[in-house]
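User: Please look closely at one part of this model: the place where strands lie side by side, and what surrounds them. I am in my first year, so a step-by-step description would help.

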Amino acid sequence: MTTPSALPRSRLRPPEPPKVGVRLAGTGSCLPADRLTNHELALVMETSDEWIRQRTGVAERRVVNHERHESTTTLSAEALRRALVDANMDPAELDMLILATVTGEMTCPSTACRVAAMVGAKNAGAYDVAAACSGFVFSMNTAHDLIRGGSYRAIGIIGCDVLSPYMNYSDAGRGTAILFGDAAGAAVLRATDDASMGIIAQVMKANGTRWHDLYMPMTQRDIPAGADMAHVRTRCLQMNGREVYKFAVTTFCDLIEETLGKAGIAADRVDQFVCHQSNARILDSARERFGIPAEKMYVNIDRIGNTSAGSVPLCLDELRQMGRVKEGQVVLFVAFGGGLTWGSSLWQL
């Protein structure tokens, strides 16, 4: 007699994913009120407004004020609140919250969990993504595929970094401190019956062998062998500016080319390029290579600086507020940063 345990077990099949699209339902952003200008930096380090503008395109950047209790958590929460208002959506409708940051106040709990509690997203799972400047684009791709797969209907994504507390505002840290500022941006993605809406092509990559070109050591043991100890300070962002610049110029253009190739379209088919604001000269090099008109590649680095994971969603929100990104367009999101990481997300909105 055959026992039940000896009978062959049929394989369980996962459910077929629904035919759904993904819609950008709303965006929001939040900037600290305080500005740090090039002229103010020139008072504490050997630099000048002209020197900074020529090399980076930055004129000023926003910085948090701890006396006003500004932080990654508070900026993120406010950006998400504004995105939810824009989406005409109750926070409790969110199924998931993904927050891209490398400047959370604590490693446990995640900043995303604290933000979810602050905004009232009581039904949402929540977690952080640490991919530096690429974090929001990585999160956007992940959230899209979770919705497209049918397991989730509404996901909030945030990009926020508060890097000013990790700057070395002295001559030793000049090459880094002149670039970075603080900001948060958020978006709400929702499932839609229009299956034509969503990502057309995406890329996410990393080269961990070059981590030491852009890193933030917390202790002495985090500092790589051979580092110039005269310029390295723990709890300060360290950047090999020359190597990161060369990486970014090449990778930026190659990333755009690879993404367009996957989609089988030319650059002129894209209505707007929403790019990480790393350096004005890097953006200019990409525009020249692909013949992109200035009105199709937004630039705000002059008044905001490089805000890491906050950069792309901040640009997106500002573009939507101006009516330059809207439903029906083809939009390409591109970012690269520490890790080293780089990623893209090409959307039919």
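Analyst: A pair of strands and its surroundings

Asp161 stands opposite Ala183 in β7. The model is predicted, and this pair of residues is a convenient place to start reading it. Strand β6 covers residues 154-162 and strand β7 covers residues 182-192. The two strands pair in the antiparallel sense, and nine bridges join them.

Next comes the sheet around this pair. β6 and β7 belong to an open sheet of five strands with mixed pairing, in the order β1-β7-β6-β4-β5. At the edges stand β1 (21-30) and β5; each has a single partner strand, so one side of each is left without a neighbour in the sheet. On average, neighbouring strands here are turned by 20° against each other, direction ignored. A helix, α10, packs on this sheet and touches β1, β6 and β7. The direction of α10 makes about 95° with that of β1.

α10 also leads to another sheet. That open sheet has four strands in the order β8-β13-β12-β11, again with mixed pairing. Its edge strands are β8 (198-206) and β11 (272-275), each of which pairs on one side only. Neighbouring strands in this sheet are turned by 10° on average, ignoring direction. β11 and β12 (residues 330-337) run parallel and are joined by four bridges. One residue pair can be named here: Leu332 in β12 is the bridge partner of Phe273.

Two helices on this sheet can be described. Helix α5 (residues 135-148) packs on it and touches β8, β12 and β13 (341-348), with a direction about 130° from that of β8. Helix α10 (residues 311-321) packs on it as well, touching β11 and β12, and its direction makes about 140° with that of β11. α10 therefore has contacts in each sheet: β1, β6 and β7 in the five-stranded one, and β11 and β12 in the four-stranded one.

After β11 comes a loop that ends at α8, and Gln277 sits in that loop. Is Gln277 buried or exposed? Its relative accessibility is 0%, so Gln277 counts as buried. Leaving out residues up to four places away in sequence, Gln277 touches Leu283, Tyr298, Val299, Asn300, Ile301, Gly305, Asn306, Ser311 and Cys315. Cys315 is 38 residues from Gln277 in sequence, yet their C-alpha atoms are 8.6 Å apart in space.

Some of these elements also help to line the open spaces of the model. The largest pocket holds about 930 Å³ of space. It is lined by 43 residues, and Thr176, Met239, Asn240, Gly241 and Arg242 are the closest to its centre. Among the elements that supply at least two residues of this lining are α8 (280-290), α7 (241-263) and β12. The largest share, six residues, comes from α7. By class, the lining has 20 nonpolar, 16 polar and seven charged residues.

The edge strand β5 brings us back to the five-stranded sheet. β5 (125-129) and β9 each supply at least two residues of the lining of the second largest pocket. That pocket has a volume of about 560 Å³. Of its 24 lining residues, Thr101, Val102, Thr103, Ala130 and Met216 lie nearest its centre. The lining divides into 14 nonpolar, seven polar and three charged residues.

Terms used
Residues are numbered from 1 along each chain as its sequence is written. This is a predicted model: local features need pLDDT of at least 70, side-chain atom pairs count only at pLDDT 80 or more; totals for chains, interfaces and linings use all residues. Side-chain values use heavy atoms; hydrogens and water are left out. Two strands pair if DSSP finds at least two bridges between them. Axes are lines fitted to C-alpha atoms, for helices over the stretch in contact, and angles run from 0 to 180 degrees between N-to-C directions. Contact means heavy atoms within 4.5 Å. On a 1 Å grid over the protein atoms alone, a cavity is a set of points where a 1.4 Å probe fits but cannot get out, and a pocket is an open set with protein on both sides within 12 Å along at least five of seven lines; lining residues have an atom within 4 Å of a point. Grid points are joined across faces, edges and corners, and a volume is the space filled by probe spheres set on the points. Ala, Val, Leu, Ile, Met, Phe, Trp, Tyr, Cys and Pro count as nonpolar, Asp, Glu, Lys and Arg as charged, and the others, Gly among them, as polar. Buried means under 20% relative accessible area, exposed over 50%, partly exposed in between (1.4 Å probe, protein chains only).
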